[in-house]
Amino acid sequence: EEHRYDRKAEIQQRTTWYADQNYPAIAVANELKWYRQQPDVAHPPGTDTPASWLYCPDFSFETTTWSCTYFAYWGHWYTEVRFWSKGNEYLSPSEMQRFITRVDQLLMSAPDKP
């Protein structure tokens, strides 16, 4: 629940399969146009991992809360993962990275059709 004040951490993921293999790249481009800064981490298309972008607008983990969004696509699949935490004791950057690694593995092993 987005407006609960007692939450400590949250991960939201949305994954979509597109029949047209060009649409995942379009979906990412539509999301990235809202971000004015450069991504904190990016893997361009054409590598041996999903094309991906990680944005952490407040990339200061010393503050009491932090938020990051991860966008990725591979083949027919597009995913968006939102991370939010009230400090590292609830969800640390290394835990977020492990989750992203697992998301990438799942994208790369997903079938061409659901």
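**Exercise 1. Decide whether Y23 is buried, partly exposed or exposed in this predicted model, and then describe the aromatic pair to which Y23 belongs.**

Solution. Begin with the relative accessible area of Y23, which is 44% in this predicted model. Since buried means under 20% and exposed means over 50%, Y23 is partly exposed. Next, take Y18, whose relative accessibility of 22% makes Y18 partly exposed as well. Finally, consider how the two rings sit: the search of the whole structure finds 6 aromatic pairs, and in the pair of Y18 and Y23 the ring centres are 6.0 Å apart with the planes at 65°, so this pair is edge-to-face.

**Exercise 2. Classify the aromatic pair of W53 and Y73, and work out which parts of the chain the pair ties together.**

Solution. The first step is geometric: from centre to centre the rings of W53 and Y73 are 6.2 Å apart, and with 25° between the planes the pair counts as stacked. The second step is to place each residue, and here W53 belongs to strand β3, residues 51–55, while Y73 belongs to strand β4, residues 66–74. The pair therefore ties together parts that lie 20 residues apart in sequence. The third step concerns accessibility, where W53, at 14%, is buried, and Y73, at 15%, is buried too. To round off the ring pairs, note that Y35, Y55 and F71 are linked by such pairs into a cluster.

**Exercise 3. Describe how strand β3 is covered on its faces, and name the strands with which β3 pairs.**

Solution. Start with the count, which shows that 5 of the 5 residues of β3 are buried. Then separate the faces: A51, W53 and Y55 lie on one side, S52 and L54 lie on the other, and the residues of both sides are all buried. Turning to the neighbours, β3 pairs with strand β2, residues 41–43, in the antiparallel sense over 3 bridges, and in that pairing H43 has S52 as its bridge partner. With β4, β3 is joined by 5 bridges, and these two strands also run antiparallel; here L54 has Y70 of β4 as its bridge partner.

**Exercise 4. Find the disulfide, determine its handedness, and say where its two cysteines lie.**

Solution. The count comes to 1 disulfide, and the cysteines joined are C56 and C68, with an S to S distance of 2.0 Å. The torsion about this S-S bond is about 115°, so the disulfide is right-handed. As for location, C56 is in the loop between β3 and β4 and C68 is in strand β4, so the pair ties together parts 12 residues apart in sequence. To complete the picture, check accessibility: C56, at 2%, counts as buried, and C68, at 1%, counts as buried as well.

**Exercise 5. State how many residues the largest nonpolar core has, which elements supply it, and what other core lies apart from it.**

Solution. The largest nonpolar core has 14 residues, and those with the most contacts inside it are L54, W66, C68, Y70, F83, M96 and I100. Asking next about the elements, one finds that β4, β5 (77–85) and α2 (93–109) each supply at least two residues of this core. Apart from it lies another core, of 10 residues, including L32, W53, Y55 and Y73. Two residues met earlier return here, since W53 and Y73 of this second core form the stacked pair of Exercise 2.

Terms used. Residues are numbered from 1 along each chain as its sequence is written. This is a predicted model: local features need pLDDT of at least 70, side-chain atom pairs count only at pLDDT 80 or more; totals for chains, interfaces and linings use all residues. Side-chain values use heavy atoms; hydrogens and water are left out. Rings of Phe, Tyr and Trp (its six-membered ring) pair if their centres lie within 6.5 Å; planes under 30 degrees apart count as stacked, over 60 as edge-to-face and the rest as tilted. Buried means under 20% relative accessible area, exposed over 50%, partly exposed in between (1.4 Å probe, protein chains only). Helices (H or I, at least four residues) and strands (E, at least two) are DSSP runs, numbered from the N terminus. Two strands pair if DSSP finds at least two bridges between them. A disulfide is a pair of cysteine sulfur atoms within 2.5 Å. A nonpolar core is a set of buried Ala, Val, Leu, Ile, Met, Phe, Trp, Tyr and Cys residues joined through side-chain atoms within 4.5 Å.
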